[in-house]
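The following exercises concern a single protein chain. Each task is followed by a solution that proceeds step by step.

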Amino acid sequence: MEPYENTGHPRRWAILGVLVVSLLVVVLDNTILNVALRTLADPVHGLGATQGELEWAINAYTLVFAGLLFTCGVLGDRAGRRRFLLIGLVLFGLASLLSAYAQTPGQLIAARALMGVGGAAIMPVTLSIISNVFDPRERGRAIGVWAGAVGLAVAIGPVLGGALLERYWWGSVFLINVPVVALGVVLVALLVPESRDPRPGRVDVLGVLLSVVGLVALTYGIIDGGEHGFGRPLVWLSVVGGLAVLTLFVLHERRSDHPSLDVRLFRVPQFAAPVVIVGLVFFAAMGLFFFSSFYLQLVRGYSPLETGLLLLPFAGAQLVFAPRSAAMVRRYGGRAVAVVGLVLTAVALGAFAFVSETTPIWAILVFFFLQGAGMANIMPPATESIMSALPREKAGVGSAVSNTVRQVGGALGVAVLGSLLSALYRADVASAVDTLPASARDAATESLAGAYAAAAQLGPAAPTLIAAANASYVSAMHWVAGLAALVVALGILVVLRWMPGRATGPAGAPVGERELAATA
């Protein structure tokens, strides 16, 4: 085979290492706070935060992050991707410092919102810089490493958080970000080249505003509905209003001569099919992490640190398989690799429909490993397909769409599957708590954690309540796991119907623009 000219940057692999460090700190923060919630609620060792304040400490980050992802991707293409990465890292580090030393729950919530701004500036530009510094023939492998880093961060967040809380005060889970961010700023300034869209045109101000308002409203409705139920008018006003604004955004982008997002791309299977797959997979996967965490910590009695360690097979599978997915795509085609990944993920999620209170823990570890292996063979080919549908100068848009769909899909999964789990649990446990005092009955029917709190006050009656609550939770988990598996199975149909198979053109050829021109 004749050698080809590699158009990638000479320092591309070192640059990838810097981007992975930048990415790790953002994704870690999505998971590390969960293990600190109980400590933050403690008035002596934490901030004495209420349940609602704890929810907003998590959701302030998610809401701002999801709402600004698309905008930051578009603006990063225009203003300079390295500049946006540096700004995002500095904001994230400053907000982490403020979070660590917050004196009240309100201060923590505000600092977490600022972290969301920094994270939204960092996440999309990491992927778009990869698209610009790597030759298209190496891009798939680089994206595999990037996706493996995401999976690793998701799994080690609870481990790191649990280890820090066993030795230090609650603020350490935020303070750990500061030296990592400082190192990232130095390395980005030294190694990462500046890149931007050479022909940016005018800023689509109305489109940017519509995207922010629509995404924030939709994400808020999803989060609030998941916490307090979907029967409240405010929830539906927010969800329907967000969808209406996003519809206006699409209509505006179709008519604009300088759109932020060329919506005609969604007619291109190479772009549209993987976007749908990413949304479906993260809807199901984040729902699984939500209910499996309570199962492991309450039903099975593991500590936060032990629970985090049990997720390591997921991280290990990501590290092993994600970097190799590009080679698999070259050999078998993106469609075949994605189908195998989706099948593995569906099997892993479906297996939780058969988990009991006494299932051997090694079996749980196998399920997590299968899920990690499956997602490692879904995300890289899906992301590569999305990015290759766009020219390099528009990489921020593709990255932002992929990350926004993933974030909103994950939030929707936690909200919808979490609400379904709660409803099924309450319906099943109600008959077992009829004879309890009113306060204990209300707590036990509210949640599994509430049942454990009520049991602590019941004396000899506690084991009966715990047994009933565990059985009801596991039964509800079975139904939710089955639904999550069906959602992923729907992704298989999407892949088989619309996702392209083997590339028929030259390796790395940008087919998206050709197909887009054909739809004009």
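**Exercise 1. Describe how helix H11 and helix H17 pack in this predicted model.**

Step 1. Locate the elements: H11 covers residues 269-299, and H17 covers residues 379-388.

Step 2. Consider the geometry. The two axes come within 8 Å and cross at roughly 145°. The crossing of H11 past H17 is left-handed.

Step 3. List the participants. H11 contributes Gln-270, Phe-271, Pro-274, Val-275, Val-278 and Phe-282, while H17 contributes Met-379, Ala-382, Ser-385, Ile-386 and Ser-388.

Step 4. Classify them. Eight residues of this contact are nonpolar, three are polar and none is charged.

**Exercise 2. Identify the largest nonpolar core and the surroundings of Phe-352.**

Step 1. The largest nonpolar core comprises 121 residues. Those with the most contacts inside this core are Ile-130, Phe-291, Tyr-295, Phe-352 and Tyr-473.

Step 2. Ask which helix gives the most to the core. It is H21, residues 462-498, with 17 residues.

Step 3. Examine Phe-352, setting aside residues up to four places away in sequence. Its contacts are Leu-288, Phe-291, Ser-292, Ile-364, Phe-367, Phe-368, Met-477, His-478 and Ala-481. Of these partners, Phe-291 is itself listed with the most contacts inside the core.

Step 4. A second core, separate from the one above, has 21 residues, including Val-74, Val-235, Val-268 and Val-408.

**Exercise 3. Determine whether Gly-221 is buried or exposed, and which residues it touches.**

Step 1. Gly-221 belongs to helix H9, residues 205-228.

Step 2. Its relative accessibility is 0%, so Gly-221 counts as buried, the cut-off being under 20%.

Step 3. Beyond four places in sequence, Gly-221 touches Phe-230, Val-235, Ser-238 and Val-239. Val-235 is also one of the residues of the second core.

Step 4. Compare sequence and space: Leu-412 is 191 residues from Gly-221 along the chain, and their C-alpha atoms are separated by 9.5 Å.

**Exercise 4. Characterise Asn-177, Ser-172 and Ala-363 by element, burial and surroundings.**

Step 1. Asn-177 lies in helix H8, residues 177-191. With a relative accessible area of 3%, Asn-177 is buried. Apart from neighbours within four places in sequence, Asn-177 contacts Val-25, Asp-29, Phe-92, Ser-96 and Met-115.

Step 2. Ser-172 lies in helix H7, residues 172-175. Ser-172 has 7% relative accessibility and therefore counts as buried. Although 136 residues separate Ser-172 from Ala-36 in sequence, their C-alpha atoms are 9.9 Å apart.

Step 3. Ala-363 is placed in helix H16, residues 361-376. A relative accessible area of 10% makes Ala-363 buried. Ala-351 is twelve residues from Ala-363 in sequence, with a C-alpha to C-alpha distance of 9.4 Å.

**Exercise 5. Summarise the protein chain as a whole: how many helices and strands are there, and what percentage of residues counts as buried?**

Step 1. The chain contains 22 helices and zero strands.

Step 2. Of its 520 residues, 54% count as buried.

Step 3. Among contacts with a separation of 6 or more, 82% join residues 24 or more positions apart.

Step 4. The chain exposes about 21300 Å², of which carbon and sulfur atoms supply 67%.

Methods. Residues are numbered from 1 along each chain as its sequence is written. This is a predicted model: local features need pLDDT of at least 70, side-chain atom pairs count only at pLDDT 80 or more; totals for chains, interfaces and linings use all residues. Side-chain values use heavy atoms; hydrogens and water are left out. Helices (H or I, at least four residues) and strands (E, at least two) are DSSP runs, numbered from the N terminus. Buried means under 20% relative accessible area, exposed over 50%, partly exposed in between (1.4 Å probe, protein chains only). Contact means heavy atoms within 4.5 Å. Accessible areas come from the Shrake-Rupley method with a 1.4 Å probe; for residues, only the protein chains shown count as cover. Axes are lines fitted to C-alpha atoms, for helices over the stretch in contact, and angles run from 0 to 180 degrees between N-to-C directions. A crossing is left-handed if the near helix is turned anticlockwise from the far one by less than a right angle, and right-handed if clockwise. Ala, Val, Leu, Ile, Met, Phe, Trp, Tyr, Cys and Pro count as nonpolar, Asp, Glu, Lys and Arg as charged, and the others, Gly among them, as polar. A nonpolar core is a set of buried Ala, Val, Leu, Ile, Met, Phe, Trp, Tyr and Cys residues joined through side-chain atoms within 4.5 Å.
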